[in-house]
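Visitor: I've got a structure open and would like to learn how to read it feature by feature. Could we start with the charged side chains?

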Amino acid sequence: MNKRIILLCVSTVLVLFAAEALFRLAMFVKTPRGLVFDSAMVFSFAPRATVYGLKLNNIGALGDDVIPRTARGGSLRVFLFGGSTSYSLHYVNTVREALQNQLNRDCSVTSFGRPRYTSYQARVLAQNVFAQYRPDVAVLYLGINDTIFDTFWWVDGPPNVGFMDWRDDWPPLLFQGIRYHLIHKRIRSTPSFPQGALRSERILRSNIEKIADEANQEGVHLVLSEFALAVPTDDQRLYSTIQDQEPVMRHFWGNIESTIRAVDAHNAVLGQIAIQRDIELAPVARMIPRSGEYFNDICHLTAIGNEILAKTVATSIVRTIAKNQDSTSEKTE
């Protein structure tokens, strides 16, 4: 009897060890090369790496290399912040082209946008890069990913739910995976939030206010932007695509109705801050038609949609520069 118990215990340990090894291997394979886990940012990207098919610059961002202000000459430096919708070379390149055409000067554009980034990561990034690199203008195009603070209602700090580093020693990765997929996603998360106060509004406002304070302290001109959603839409093919993707994304963004409510609320917060602080607000949500010609899904844009986003943002940047030049002129007269 004792031998059977011992054999059962040994077999159980071996099975668990094998399962842990296989799950850890799966996480290693799933993690893009060039992705760097970071306790403050959750994750970042390594310099010069290729991540999700895009080649990154000298500081692990998209677009032009970032060099010290003193070595830039007369070029205009623009930093873009956001989530996966800002992780686009088309967005970066179109903003640069539009700015150079409108301003008739050399422009350097770099995007720090990355998939799943929220206003929390934008704040941490801004605190680091504003002081270190001092861009002329910074643009915030975000809003949908902050709904994670509603669906995962217990998250207050880094939104690291679901991120598993295959190198972690403890707790076991298998335990982390079960806890995330079974408990966090299926039991604890609240993908429906049709009424009542949204935690994300308070968190978004706090992060944007801190970014604005940091920008003001470092002499960076800030541009805010509405976030564009494809819904509600009359395009039935597009809506069917969004419905098909809802089960995959509802634990993060919430169900479709909740996502709409949250993004509308976030856009309202951004609009309020823009008025209170006299910051330019790019009217992106009002500029992009809600159809499959402009959206691939609930928020990711087609090439045409990306051009509207980039050109609308560029126009707001130009207005911001002109407004601040006028203000400077008035002070010197």
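Guide: Sure. This is a predicted model, and it holds 11 salt bridges.

Visitor: Take one pair, then: what do the side chains of Asp 65 and Arg 48 do?

Guide: They meet in a salt bridge, at 2.9 Å from N to O. Asp 65 sits in the loop between β5 (62-63) and β6 (76-82), while Arg 48 sits in the loop between β2 (42-45) and β3 (50-51), so the bridge ties together parts that lie 17 residues apart in sequence. On accessibility, Asp 65 is partly exposed at 34%, and Arg 48 is partly exposed too, at 43%.

Visitor: And how do I read a pair such as Asp 165 and Arg 167?

Guide: Check the distance, then the accessibility of each partner. Their side chains form a salt bridge at 3.0 Å, N to O. Asp 165 is buried, with a relative accessible area of 10%, whereas Arg 167 is partly exposed at 47%.

Visitor: Where in the chain do Arg 286 and Glu 226 lie?

Guide: First the contact itself: their side chains meet in a salt bridge at 2.5 Å, N to O. Arg 286 is in helix α9 (residues 284-287) and Glu 226 is in the loop between β9 (221-225) and α7, so this pair links distant parts of the chain, 60 residues apart.

Visitor: Is Glu 226 buried or exposed?

Guide: Glu 226 counts as buried, at 9% relative accessibility. Its partner Arg 286 counts as exposed, at 59%. There's a network to look at as well: salt bridges with shared partners join Glu 209, Asp 213 and Arg 277.

Visitor: On to sulfur. How many disulfides does the count come to?

Guide: Zero. You can still look at individual cysteines: Cys 107 is buried at 3% relative accessibility, and Cys 299 is buried at 1%.

Visitor: What about empty space inside? How many cavities of 30 Å³ or more does the structure hold?

Guide: Two. The largest has a volume of about 80 Å³, and the second largest comes to about 50 Å³.

Visitor: Which residues line the largest cavity?

Guide: Take the lining as a list and then map it onto the helices. The residues are Ile 242, Gln 245, Glu 246, Met 249, Trp 253, Gly 254, Asn 255, Ile 256, Thr 259 and Ile 298. Both α7 (236-253) and α8 (256-277) supply at least two of the lining residues, and the largest share, five residues, comes from α7. By class, you get five nonpolar, four polar and one charged.

Visitor: How does the lining of the second largest cavity divide by class?

Guide: Into six nonpolar, five polar and no charged residues. Among them are Gly 83, Tyr 117, Tyr 141, Asn 145 and Phe 227. Trp 253 is worth selecting in your viewer, since that residue appears in this lining and also in that of the largest cavity.

Visitor: Now backbone geometry. What should I expect before hunting for outliers?

Guide: Most residues other than glycine have a negative phi, and most peptide bonds are trans. With that in mind, look at the bond from Trp 170 to Pro 171: it is cis, with omega near -5 degrees. Pro 171 is placed in the loop between α4 (148-151) and α5 (173-188). Another cis peptide bond joins Val 231 and Pro 232, with omega about 0 degrees, and Pro 232 lies in the loop between β9 and α7.

Visitor: And phi? What is the value for Arg 48?

Guide: Near 65 degrees, which is positive in a residue other than glycine. You've met Arg 48 already, as the salt-bridge partner of Asp 65. Try Arg 116 next: its phi is near 75 degrees, again positive. Arg 116 is found in the loop between β7 (107-111) and α3 (119-133), and is partly exposed with a relative accessible area of 22%.

Visitor: One last feature: which backbone oxygen lies 2.9 Å from a polar atom of the Thr 320 side chain?

Guide: That of Ser 316. Thr 320 itself is in helix α10 (residues 303-332) and counts as buried, at 3% relative accessibility.

Key: Residues numbered from 1 in each chain as written. Predicted model: local features only at pLDDT ≥ 70, side-chain atom pairs only at ≥ 80, totals over all residues. Heavy atoms only, no water. 1 Å grid on protein atoms, 1.4 Å probe; cavity = no way out; pocket = protein on both sides within 12 Å on 5 of 7 lines; lining within 4 Å. Points joined across faces, edges and corners; volume = space filled by probe spheres on them. Helix = DSSP H or I, 4+ residues; strand = E, 2+ residues; numbered from the N terminus. Nonpolar A, V, L, I, M, F, W, Y, C, P; charged D, E, K, R; others polar. Salt bridge = Lys/Arg side-chain N within 4 Å of Asp/Glu carboxyl O. Buried < 20%, exposed > 50% of the residue type's maximum accessible area, 1.4 Å probe, protein only. Disulfide = S-S within 2.5 Å. Polar contact = N/O pair within 3.5 Å; in protein donor to acceptor, adjacent residues only side chain to side chain.
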